[in-house]
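Here are a few short exercises to work through with the structure open beside you. Try each task before you read its solution.

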Amino acid sequence: MTLNTEPDTIGNPADAMIEITDLRKSFGAHHVLKGISMTVPRRSVTAIIGPSGSGKSTLLRCINLLEVPSHGRVRVDQQTIDFGGKRNRLPSDRDQSAFRTRTGMVFQHFNLFPHMTVLGNVTAGPVIVKRMRRAEAEEIALSLLSKVGLADKARAYPQHLSGGQRQRVAIARALAMAPEVVLFDEVTSALDPELVGEVLDVVKQLAEEGMTMVLVTHEIAFAHEVASNVVFMSDGVIVESGPPSEVLEHPQNPRTQAFLGRFHSFIGSYGGVDQER
């Protein structure tokens, strides 16, 4: 495995913020990712859809090194990591940290620190990882909490918030690190239906502001409305990808057609969870 921090432009689309090449991930004999190649343009939203167990979340975790790929290459902006051979070792802690700061990640189950206030959760990364002065970090955090509609909850603890509020705090926490990309892993699947809209509204606002985002989601209506590109994954491979108007309205692959056939009335309001037949 090698780490290259020099600009990497040969063969790369000029506008790509993320480029993934032949990415593979195995857990023992179980092959989860089977040669994923894709690009994510700057200031775009890529929605990854597909059945459970297709490798969607593993792909996100490989992008920011929460999982170490077994093979392939990941580039985020101008920093590239190549994975190869049977004795992969992660780069140094310093290089890992530098790579991860480029990508913020928001998880399905929030992953907030329960012993910290909302303000403490949002400032932890900038203070600990970036060595930012606490006063500066708190100023940024309060601005971001206002952005997600939670300025009045800065001194509250996570257990006193609703699921939707906790997820919005998690988004503010990711943004506090000033990432170039934000990865969302099924951020609404643990929420009650009436709370889904408040989280998706924040994601939509970020999309309108030009944040580069990759989101794994079952919110098909939302993907249709917000995504620049939709990727359908099944059994560890990309089966079909393209604009929402193509993949969601006119899927060509039988597996994509079968998956989308489980949903109805997906083009419309995204205020709740898409219903399956």
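**Exercise 1. Find what covers the buried residues of α6.**

Step 1. This is a predicted model, and in it α6 runs through residues 193-208. The helix has 16 residues and reaches 24 Å from its first C-alpha to its last, close to the 22 Å expected at 1.5 Å a residue.

Step 2. Pick out the buried residues of α6: Leu 195, Val 196, Gly 197, Val 199, Leu 200, Val 202, Val 203, Leu 206 and Ala 207.

Step 3. Look at what lies over them. The cover includes the strands β4 (45-49), β8 (181-185) and β9 (212-216), along with the helices α4 (134-147), α5 (163-175) and α7 (220-226).

Step 4. Follow the chain just past α6, and you meet Gly 210, which takes a positive phi of about 95 degrees.

**Exercise 2. Describe the largest nonpolar core and say which helix gives the largest share of it.**

Step 1. This core has 52 residues, and Ile 49, Val 106, Ile 171, Phe 184 and Met 213 have the most contacts inside it.

Step 2. Helix α6 provides the largest share, with eight residues.

Step 3. Apart from this core lies another, of 28 residues, including Met 17, Val 32, Met 38 and Leu 183.

**Exercise 3. Decide whether Val 76 is buried or exposed, and list its contacts from beyond four places in sequence.**

Step 1. Locate Val 76 in strand β5, residues 71-76.

Step 2. Val 76 counts as buried because its relative accessibility is 0%, and the cut-off for buried is under 20%.

Step 3. Leaving aside neighbours within four places in sequence, Val 76 is in contact with Met 17, Ile 18, Ile 63, Phe 99, Arg 102, Thr 103, Glu 180 and Val 181.

Step 4. Take Arg 102 from that list: it is 26 residues from Val 76 in sequence, yet their C-alphas are 7.2 Å apart in space.

**Exercise 4. Describe the linings of the largest pocket and the second largest pocket.**

Step 1. The largest pocket holds about 570 Å³ of space. Its lining has 22 residues, with Met 105, Gly 125, Val 129, Arg 173 and Met 177 nearest the centre.

Step 2. Helix α3 gives the largest share of that lining, six residues. By class, the lining has 12 nonpolar, eight polar and two charged residues.

Step 3. The second largest pocket holds about 220 Å³. Of its 17 lining residues, Ser 52, Gly 53, Ser 54, Gly 55 and Lys 56 lie nearest the centre.

Step 4. Here β3 gives the most, with four residues, and the classes are three nonpolar, 10 polar and four charged.

Conventions. Residues are numbered from 1 along each chain as its sequence is written. This is a predicted model: local features need pLDDT of at least 70, side-chain atom pairs count only at pLDDT 80 or more; totals for chains, interfaces and linings use all residues. Side-chain values use heavy atoms; hydrogens and water are left out. A nonpolar core is a set of buried Ala, Val, Leu, Ile, Met, Phe, Trp, Tyr and Cys residues joined through side-chain atoms within 4.5 Å. Buried means under 20% relative accessible area, exposed over 50%, partly exposed in between (1.4 Å probe, protein chains only). Helices (H or I, at least four residues) and strands (E, at least two) are DSSP runs, numbered from the N terminus. The expected span of a helix is 1.5 Å times one less than its number of residues. Contact means heavy atoms within 4.5 Å. On a 1 Å grid over the protein atoms alone, a cavity is a set of points where a 1.4 Å probe fits but cannot get out, and a pocket is an open set with protein on both sides within 12 Å along at least five of seven lines; lining residues have an atom within 4 Å of a point. Grid points are joined across faces, edges and corners, and a volume is the space filled by probe spheres set on the points. Ala, Val, Leu, Ile, Met, Phe, Trp, Tyr, Cys and Pro count as nonpolar, Asp, Glu, Lys and Arg as charged, and the others, Gly among them, as polar.
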